[in-house]
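User: I'd enjoy a friendly tour of this model, one question at a time. Please spell out the cut-offs as we go.

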Amino acid sequence: MTVYKTMPGRPVAYGYTIGILCAEWNVPFVPGDLNNASTFDFPVRYLTVEGASGAEVLTGNAADYADMFIQAAKALEAEGIHAITGNCGYMAAYQEPVSNAVNVPVFMSSLLQAPMLSRMLGANQRVAVMVANGAGITEQVLHGAGITDPDRLVIQGLDHMPHFNEVILREQGSLDEDRLREEVVTVATETVTADPSIGAVLLECSDLPPYARAVHEATGLPVFDWAGFIRYVHDATTPRAYSGTY
């Protein structure tokens, strides 16, 4: 017989494994985007961090938001969430304070994958990291992501692309998926062509997973994104049961 008991914090629902701390955006979240629930085949708990402007987080310097994210992470932990992530790669700046404040795994940024990817490749290879705002990759962001050798990375911003800039950075509220895909692929192919040492691509932005396949098809390289990272952590916190023939 299985006995169920209520959890501390009196959550309004049960069964969530991953909690996502969400800065406030005015961006359409298409399938594949972290903030579209249909991206995942398991329940995800979204929690808006009220007052945390996505535009400010993208500067890489919104230090005043640390306590906001800490309190929101504690609320998710109290609900029984198994692991906590964010919805902007620049939240790496809050990785240490948030992870130190709770007792569940925290991966505030897709950029936490960068050191692992560098180790996966040969010493003469580099990782192309496509980011929303090149100027926002501050020392604080790099440190929070555990990146100690930025020379192994080719960091390329998308902020110079017209549609990406108006949709993601200026939040004009209307997204042309074909046009955005074309811009992302263009930047990826130009970056890879300019540096033959690139052996993998990392899509930093939470809005970029919908275009991972197109980038892979255009470059022929393995492409890592945040949605895949979340699935990886989900499988670690809720291991699957295997069955078959032997």
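**Helices, strands and rings**

User: Which residue with a positive phi follows H6?
Analyst: Helices here are DSSP runs of H or I with at least four residues, strands are runs of E with at least two, and both are numbered from the N terminus. The loop in question lies between helix H6 (162–169) and helix H7 (177–194). Phi is near 50° there, positive although the residue is not a glycine. The residue that follows H6 with this phi is Glu171.

User: Before we go on, what pLDDT do local features need?
Analyst: Residues are numbered from 1 along each chain as its sequence is written, and side-chain values use heavy atoms, with hydrogens and water left out. This is a predicted model, in which totals for chains, interfaces and linings use all residues, side-chain atom pairs count only at pLDDT 80 or more, and local features need pLDDT of at least 70.

User: Is Glu171 buried or exposed?
Analyst: Buried means under 20% relative accessible area and exposed means over 50%, with partly exposed in between (1.4 Å probe, protein chains only). Glu171 has a relative accessible area of 19%, so the label is buried.

User: Why is H6 largely enclosed by the rest of the structure, and how many of its residues are buried?
Analyst: The buried residues of H6 are His163, Phe164, Asn165, Glu166, Val167 and Ile168. They pack against H7, where contact means heavy atoms within 4.5 Å. H6 is largely enclosed because the count of buried residues is 6 of 8.

User: At roughly what angle do the axes of H6 and H7 cross?
Analyst: Axes are lines fitted to C-alpha atoms, for helices over the stretch in contact, and angles run from 0 to 180 degrees between N-to-C directions. The axes of H6 and H7 come within 8 Å, and they cross at roughly 115°.

User: What is the hand of the crossing where H6 passes H7?
Analyst: Pro162, His163, Phe164 and Glu166 of H6 make the contact with Arg179, Leu180 and Glu183 of H7. A crossing is left-handed if the near helix is turned anticlockwise from the far one by less than a right angle, and right-handed if clockwise. For H6 passing H7, the crossing is left-handed.

User: In what order do the 4 strands of the open sheet come?
Analyst: Two strands pair if DSSP finds at least two bridges between them. Strand S5 (residues 126–131) is joined to S7 by 5 bridges, and S7 is joined to strand S8 (residues 223–224) by 2 bridges. The pairing in this sheet is parallel, and the order is S6-S5-S7-S8.

User: Which residue is the bridge partner of Val201 in S8?
Analyst: Val201 belongs to strand S7 (residues 198–203), where 6 of 6 residues are buried. On the S5 side, Arg126 has Ile198 of S7 as its bridge partner. In S8, the partner of Val201 is Val223.

User: What hand does the β-α-β unit of S7, H8 and S8 have?
Analyst: A crossover is right-handed if, with the strands pointing away from the viewer, the path from the first strand over the helix to the second runs clockwise. The unit made by S7, helix H8 (residues 212–219) and S8 is right-handed.

User: Which residue of S4 stands opposite Ile84?
Analyst: Both faces of S3 are covered, with Ala83 and Thr85 buried on one side and Ile84 and Gly86 buried on the other. S3 pairs in the parallel sense with strand S1 (residues 18–24) over 4 bridges, and Gly19 stands opposite Ile84. S3 also pairs in the parallel sense with strand S4 (residues 106–107), over 2 bridges. The residue of S4 opposite Ile84 is Val106.

User: How many aromatic pairs does the count come to?
Analyst: Rings of Phe, Tyr and Trp (its six-membered ring) pair if their centres lie within 6.5 Å; planes under 30 degrees apart count as stacked, over 60 as edge-to-face and the rest as tilted. By this rule, the number of aromatic pairs is 3.

User: How far apart are the ring centres of Phe69 and Tyr94?
Analyst: Phe69 is buried at 0% relative accessible area, and Tyr94 is buried at 3%. The planes of Phe69 and Tyr94 stand at 35°, so the pair is tilted, and the ring centres are apart by 4.8 Å.
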